[in-house]
Each structure stands twice: as C-alpha cells, then as structure tokens.
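Student: Could you take me through one part of this model closely, the open sheet in the first chain, and then show me what sits around it? I'd like one connected walk rather than a list.

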Amino acid sequence: MLKWRLLVSFVSLAFASSLLAPSPSPAQATTITIATVNNPDMIIMQKLTPAFEQQNPNIKVSWVVLPENELRQKVTTDISTNAGSYDVMTIGMYEVLSGWAKNGWLLPFDSLPSAYDGQDLLKPVRAGLSYKGTLYAVPFYAESSMTYYRKDLFAAKGLTMPQRPTWTQVEAFAKAIHNPSKRTYGICLRGLPGWGENMAFLTTLVNTFGGRWFDEKWQPQLTSPEWKQAVGFYVNLMRNYGPPGVTSNGFTENETLLANGNCAMWVDATVAAGYLANPQTSKVAKNVGFAYAPVAVTRNGSHWLWAWALGIPKSTKKADAARAFIYWATSKAYINMVGEKEGWTSVPPGTRYSTYQNSAYIKAAPFATLVEALINEADPTHPTAKPVPYVGVQFAAIPEFQGIGTQTGQAIAGALAGKMTIDQALQQAQSNAENVMRQAGYIK
Amino acid sequence: MTRVSAGRGLARFDIHRPNALLFVGPAVLVLFVWMIVPLALSLYYSVRRYNLLVLERRGFVGLLNYRLLLLDPTFWTAVVNTLVLVVLVLAATIGLGLILALLFNRDFTAKNVARTLAISPFFVMPVVTALMWKNMLFHPVFGLLAWVAQSLGGEPIDWLATYPMLSVVAIISWEWTPFATLILLTALQSLPGDLLEAVRIDGAGRWGEFRYIVIPHLLRPISALLMLQTIFFLTIFAEIYATTSGGPGLATTTLPYFIYLKALLQFDIGSASAGAIFAVILANVVAVFLLRAISRNIFQGELP
C-alpha cells in the first residue's frame with residue numbers, strides 16, 4: 001500500500017513538474033537543477049549562488065536541498081530510471097564506486113580545464129571518485145574520522161590524550177571521566193541504525209580490530225571472532241560510559257551533545273570540527289581537542305574516507321552549464337570566497353592541497369593539518385589487516401551493501417538496546433547478508 | 001450481511017442507458033488509473049528480478065521473490081509487528097476516544113475551546129508529531145520525561161530503546177485519539193434525549209444507562225472507526241521512520257517499513273513489490289475478518 005502511495009506521488013510529481021517546466025526565455029537562459037544534501041557546507045554553496053549567476057548571466061540555478069537519506073533515494077531512483085530531473089547531483093564516494101560509473105550513468109570528467117588545476121585535488125579523494133582511472137565526480141568536500149575530546153575535562157582528571165590513542169586508552173579515559181549525575185558522559189558514539197550512520201563508525205572499529213565484511217570469496221564474515229570482539233567492545237563501552245539513548249544518536253545528535261558539553265570524547269567525521277570549534281555554535285569551542293581515531297590491532301581502516309562530490313547524470317541535456325557550475329563550486333576561487341565571506345573555519349575541507357597551504361585557513365582552523373594527514377593516510381583498498389575483495393574503508397562498494405549494512409546496523413542496535421545478545425545479533429546479520437549475497441549471485 | 005441492500009440497488013441500475021455510462025465513466029477511469037494500474041505494475045515487478053542498481057541479471061524469475069520473502073524471518077517479524085501495532089493503537093484510540101467523548105459531551109465552561117484543543121493533535125503532521133515526541137518528550141537527556149524522572153530522583157528512561165513498540169503506539173495514539181473522539185462525540189450528540197429519559201423512568205442507574213443505551217448507540221460509529229483506523233494504521237510509516245527507524249533490532253519494523261527498506265534502501269524493486277502484494281493481501285484479510293466480526297456482533301438481534 002505504501003507502494004501505491006509512492007507511485008501516486010511519483011505520478012503527481014511528474015505531472016506537476018511538467019507544468020512547472022520553464023519555457024525558454026528570449027535570452028536563451030539555461031536553468032540547471034541541482035540536487036544536494038542539507039549539510040552546512042552545501043547550504044553555503046546555495047547561499048553563494050548569486051555570485052555564480054552574475055559571472056554566468058545565461059545560467060540560472062534551481063536547488064533541491066534534502067536530508068542525506070532522502071537525497072540518496074531521489075537521485076538513485078532518478079538516475080537508474082534515466083528520468084533526468086537533475087543536471088547536477090551531489091553523490092558520495094560509495095555511489096561512484098558501487099556501480100554508477102560502471103553502469104555508465106555519469107558523464108566523465110576526462111578533460112579538466114587547466115585553470116581548474118586538477119592536480120591540486122587530494123590524491124586519495126580523487127582516486128575514490130574515479131573508476132578505471134577516470135574521474136566521474138568532482139569533490140566538494142572530503143572527510144575522514146577522528147577523536148574529539150574535552151581538554152578541560154581531561155585536565156581536571158590529570159589525563160592527557162595522546163596524538164594516536166588506542167581503544168584501550170579511550171576506554172580508560174571514558175571510565176575516569178564518566179559522570180552521569182552531572183550529565184557528563186565518558187564517550188559518545190553513533191548508535192542510530194543505518195549503513196551511513198552507526199555502521200560507518202562500527203566498520204572502522206571492526207577494521208581496526210582486524211575484521212572485514214567479506215573474505216576474498218565474498219563470504220560474509222559477520223560471525224568471525226574479530227566482529228564479535230569489536231561489537232562486544234562497543235556495546236560494553238556504550239552501556240557503561242555512554243549517554244542514555246545511544247540507539248537514537250546519529251552524527252547530528254552526537255554533535256549537539258558534544259557542543260552542549262555532555263560528552264568527554266567522540267569519534268566521528270572530521271567535518272564536525274568547524275562546528276565544534278566555532279563559539280557561535282558550540283559551548284565548548286575553546287576546550288575541544290583533536291586526535292587521531294583510536295586504534296586496536298591494526299592502523300588500516302581505523303579512520304574512514306568519504307567525499308561528497310558533484311556529478312553529472314548522463315540524462316542531462318545541459319551538460320555544459322552543469323560543468324560550468326561544478327568547476328565554479330569546487331574551484332580555489334570558491335574556497336577563498338567562502339573563507340572571506342563566511343569565515344575560514346567554514347570552507348569546504350579536504351579537497352585541495354592549496355587549502356592546506358593557505359596560512360589564513362591553517363591559522364583559523366587548528367584541526368586543519370590533522371585532517372589533511374588523516375585523509376592522506378586513509379586507504380580504501382586496504383581497509384583492514386586481511387585482504388578484501390571490495391573497495392572502501394567504512395563501506396564495501398557493491399550495490400548490495402546499503403541493504404546489508406543497514407540490516408546489520410539494526411541488529412547491532414538491537415544488541416545495544418538489550419533486545420538480543422551480541423551473538424544473536426551477529427548471527428541474524430550474517431544470515432541476512434548470506435541471503436542477499438546468494439540472491440545477487442556472489443556466492444552459491 | 002443479507003441486510004445490506006446495496007446489492008438490490010445495483011440490480012435496478014440500468015447500465016445500458018447511455019446517460020448512466022457517461023456519469024459513471026469518469027469515476028471508473030479515475031479508479032482504474034489510480035488503483036488498478038499501480039497494482040498491476042506491482043504484480044508485474046513482483047515476478048521479476050529488478051534491482052535499480054544492478055543492470056545485469058534482470059528478468060523474469062517467477063515466484064522467486066515471494067519464496068525468498070516467505071523464507072525471510074524479518075518479513076514475518078514485520079507482519080507480527082504490524083498486527084500488534086494496529087491492535088494496540090486501535091484499543092488505545094477507541095478506549096481513550098470514548099472516555100474523552102463522554103467527558104466533552106457534558107456542559108462546562110469553555111467547552112468549545114477545550115474541544116478544539118483536544119482535537120488539535122490530529123492536525124499536526126505525522127513527522128512533526130514524531131520528532132516532537134522523540135526530541136522533546138522521550139529524549140533521555142533533553143526530554144521532558146527525563147527531566148521529570150530526574151526531578152523525582154529517578155533514572156531517566158530511554159523510551160524509544162527500552163519500550164520501542166509502546167513508545168510508537170503512544171505517539172500514534174496521541175495523534176489519532178482526537179479522530180476517535182470526534183466521531184464518537186458527534187454520535188453521542190445524536191443520541192435522542194427521550195431515550196435516556198425513558199430508561200431513567202424505568203429505574204436504570206448511570207451504569208445501566210451507559211450499558212444499555214449509550215454503548216449500543218455507539219456500536220455503529222465504533223465499527224466504522226475500527227474499519228477506517230485499521231486501514232490507516234496498516235500503512236503507518238512516518239512515525240516509525242522518524243523515531244526508531246524500525247529498531248532497535250527489528251522491534252518496530254512493520255510491513256510498510258520493511259517494504260520501504262527493500263524499495264528505497266536496497267533498491268530491490270522486485271522484492272519490494274512482492275512485499276507490497278502481501279500487504280494488500282494482509283489488508284484484505286484483516287478487513288474481511290473485521291467485517292465478519294462486526295456484522296455478527298452489531299447487526300445481531302436488531303430489527304430485520
């Protein structure tokens with residue numbers, strides 16, 4: 001019945017958009033439609049659009065801004081059915097690597113203009129958006145994951161956070177600082193189920209404990225000792241030293257908790273650094289410290305690599321205008337403009353070497369050099385100690401992963417909430433993953 | 001069911017008169033486009049291997065999608081959860097709705113203001129309702145309930161993780177009780193005063209009045225409520241999506257949410273369509289059972 005509703009809304013939407021389609025004006029202005037995520041960096045891009053329209057008087061930009069999950073659903077259904085509603089799509093590394101490029105859905109960026117300086121793009125980020133050596137989407141911002149901690153709370157207990165902490169140390173710190181009666185919790189981590197929510201973090205944890213999603217023959221490995229150890233560690237840590245309600249906390253919820261002063265530590269996306277270090281959005285701006293993501297057995301895959309990028313679907317009829325916009329929004333000039341207009345902590349991070357050579361940025365953003373090092377160190381082709389058949393640190397770049405990852409995330413959230421044991425949860429996730437992989441023909 | 005006279009009415013209706021076709025035509029057309037076409041498409045996709053993201057290995061697979069669905073323990077959990085959710089919310093909304101309707105049927109100052117306020121939750125959008133409950137009431141750090149618990153010296157409870165199904169039931173009941181109240185209140189106001197007078201003269205007490213006059217009078221609106229709300233509750237989605245995402249574990253994964261996961265997370269249109277067909281079958285089974293039960297209980301002993 002949900003399906004009916006969806007179909008009905010699709011039909012009515014299609015009808016409405018055909019009515020609203022602009023007729024070509026005498027000046028031959030082209031309107032491009034851009035789908036993007038409602039992250040702060042993209043909101044700034046939307047805000048600065050008039051600058052682009054002034055430089056390109058014959059291009060008009062119309063925006064579709066959505067939360068991550070809805071955006072992913074819209075653009076995926078659009079591109080796979082060749083519907084052509086968008087001229088520019090905001091997509092992630094996962095989309096490019098899991099088949100969008102291979103399926104021929106995206107126009108390649110094979111000849112970047114020299115003024116654009118493609119060599120300035122960070123190598124791991126560029127590689128993560130390329131298929132067989134060709135770039136299929138241009139990075140808008142990139143991130144890794146790292147440890148945030150409260151310098152004041154650590155100092156009060158006489159503790160120091162090493163530059164490269166281990167998970168054992170993190171557990172000890174959490175135990176020392178955890179004080180629920182004062183609403184100070186030892187550590188905040190993601191618990192909200194979803195392949196891009198709790199599983200993004202948990203995959204890095206499993207990686208560093210030496211686990212992997214699939215072995216070389218695509219056999220799911222979710223009941224392996226490494227998974228049990230990592231998930232057991234996570235569940236204990238969150239039950240003993242976490243805030244209440246972990247299973248509802250995703251990236252945004254944890255960011256709010258830390259900015260409100262409720263968490264002593266948090267391991268999550270580097271992109272939160274700008275928000276946490278900004279006194280206007282964070283109560284703890286002065287006291288927030290930054291360190292590498294914690295490590296257990298292996299350094300491989302202990303912190304993730306992600307980029308939001310702009311790509312052009314092959315269904316577009318306005319590829320030139322779309323390209324013009326993308327070159328503008330990911331250029332050095334754009335980054336400088338954001339720095340000058342919005343403040344240097346707000347520039348889109350992780351895309352260009354030149355950003356990290358800019359003294360104004362390095363001065364304003366104490367986390368900048370660490371973020372650059374983290375991104376450069378992340379290696380999606382070696383996400384853990386053992387060899388894997390897939391690419392990706394916090395995901396496995398195959399189309400089936402979204403479903404497998406989310407169901408595994410639900411099972412682990414169930415274990416965290418005490419609805420089932422860790423063994424039961426992993427067993428359930430394993431049999432689901434085996435079913436999906438069998439149905440898709442990877443294993444027999 | 002023989003009492004229902006619609007059948008006889010239809011027989012008298014002459015389809016061969018050109019005027020009649022002209023008038024019925026648009027309705028049939030709309031019904032066809034809005035119902036049969038999507039249903040037929042769902043049926044078509046449900047027998048195909050069709051994952052939006054995978055270009056290879058597409059095509060006719062017979063009943064494979066159905067077989068995999070029936071073998072999937074998640075699917076059965078979802079079916080059970082759906083039924084539990086529907087039954088609990090029905091009980092809560094109709095129970096509370098009856099109490100509220102009886103209260104608001106009395107005369108008191110500011111009656112109209114109070115009625116409007118009592119009905120207003122129904123006009124809040126489902127997602128807004130869900131987020132409000134999640135962040136302002138249930139939240140174990142910032143929520144009102146946590147504050148109350150802590151002020152009384154207790155430990156805050158993480159409602160959505162500890163009692164996920166009951167929390168979702170509470171949210172949906174809060175949203176839908178006004179609807180039940182509204183229907184039952186209008187029904188109460190149509191209760192003839194002389195009937196009540198008559199039983200009082202016959203010596204019935206408050207309870208007798210309620211048991212032998214009010215309840216029988218309300219049986220029809222209650223049965224209508226049961227039908228309508230069952231149909232609405234079988235498709236409840238937004239409240240679950242915005243609060244628990246079907247979790248923790250599978251605690252609140254209902255059939256619509258399960259279909260959503262298949263269709264818009266795995267982009268597996270084949271399996272999702274098979275699930276949708278099951279949802280249609282389930283809705284029909286429930287509707288038939290309800291109709292039977294209602295007609296047996298209500299129309300029994302009435303005048304022929």
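Tutor: Let's start from a single pair: Thr36(A) has Val65(A) as its bridge partner in strand 2 of chain A. Keep in mind as we go that this is a predicted model. The pair belongs to a longer match, since strand 1 (residues 30-37) of chain A runs parallel to strand 2 of chain A, and eight bridges hold the two together. Helix 2 (residues 40-47) of chain A packs on the sheet, where it touches strand 1, strand 2, strand 3 (88-92) and strand 6 of chain A. The direction of helix 2 makes about 155° with that of strand 2 of chain A.

Now step back to the whole sheet. It is open and has five strands, in the order 2-1-3-10-6 (chain A), and the pairing is mixed. Which strands stand at the edges? Strand 2 (59-66) and strand 6 (138-143) of chain A do; each has a single partner strand, so one side of each is left without a neighbour in the sheet. From one strand to the next, the twist averages 20°. As a reminder, strands of a sheet pair through backbone hydrogen bonds, either parallel or antiparallel.

The antiparallel part shows up around strand 10 of chain A. On one hand, strand 3 of chain A runs antiparallel to strand 10 of chain A, with four bridges between them. Here Met89(A) stands opposite Gly311(A) in strand 10 of chain A. On the other hand, strand 6 of chain A is also antiparallel to strand 10 of chain A, this time with five bridges. One spot to click on is Ala142(A), which stands opposite Ala307(A) in strand 10 of chain A.

How covered is strand 10 (residues 306-311) of chain A? Mostly: six of its six residues are buried. Both faces are covered, with Trp306(A), Trp308(A) and Leu310(A) buried on one side, and Ala307(A), Ala309(A) and Gly311(A) buried on the other. So the Gly311(A) that Met89(A) faces and the Ala307(A) that Ala142(A) faces are both on that second-named side of strand 10 of chain A.

That leads to the nonpolar core. In soluble globular proteins, nonpolar side chains tend to be buried together. In this model, the largest nonpolar core has 190 residues, and Val88(A), Ile187(A) and Met265(A) have the most contacts inside it. Take Met265(A) and skip residues up to four places away in sequence: it touches Thr147(A), Tyr148(A), Tyr149(A), Val170(A), Phe173(A), Ala174(A), Gly186(A) and Ile187(A). Ile187(A), then, is both a contact of Met265(A) and another of the residues with the most contacts in that core.

For a contrast, go to the loop between helix 5 and helix 6 of chain A, where you'll find Pro108(A). With 17 C-beta neighbours inside 10 Å, Pro108(A) counts as partly exposed. Leaving aside neighbours within four places in sequence, Pro108(A) is in contact with Thr134(A), Leu135(A) and Tyr136(A). Pro108(A) and Thr160(A), by comparison, are 52 residues apart in sequence and 48 Å apart in space, C-alpha to C-alpha.

Asp117(A) lies in that loop too, between helix 5 (93-100) and helix 6 (123-128) of chain A. Its phi is positive, near 60°, though Asp117(A) is not a glycine. That deserves a look, because most residues other than glycine have a negative phi. Asp117(A) has 14 C-beta neighbours inside 10 Å, so it counts as partly exposed.

Chain B offers a counterpart: Phe267(B), also not a glycine, has a positive phi of about 55°. Phe267(B) sits in the loop between helix 13 (255-265) and helix 14 (269-298) of chain B. Is Phe267(B) buried or exposed? Phe267(B) is buried, with 22 other C-beta atoms within 10 Å.

Last, the place where the chains meet. The contact takes 37 residues from chain A and 42 from chain B. On the chain A side, helix 1 (2-20), helix 4 (68-80) and helix 18 (401-416) each supply at least two residues. Helix 18 of chain A gives the most, with eight residues. By class, that side of chain A has 16 nonpolar, 18 polar and three charged residues.

Conventions. Residues numbered from 1 in each chain as written. Chains lettered and ligands numbered in written order. Predicted model: local features only at pLDDT ≥ 70, side-chain atom pairs only at ≥ 80, totals over all residues. Buried ≥ 20, exposed ≤ 12 C-beta atoms within 10 Å, placed from the backbone. Contact = placed C-beta atoms within 7 Å. Nonpolar A, V, L, I, M, F, W, Y, C, P; charged D, E, K, R; others polar. Pairing = 2+ DSSP bridges. Axes fitted to C-alpha atoms, helices over the stretch in contact; angles between N-to-C directions. Core = buried A, V, L, I, M, F, W, Y, C linked by C-beta atoms within 7 Å.
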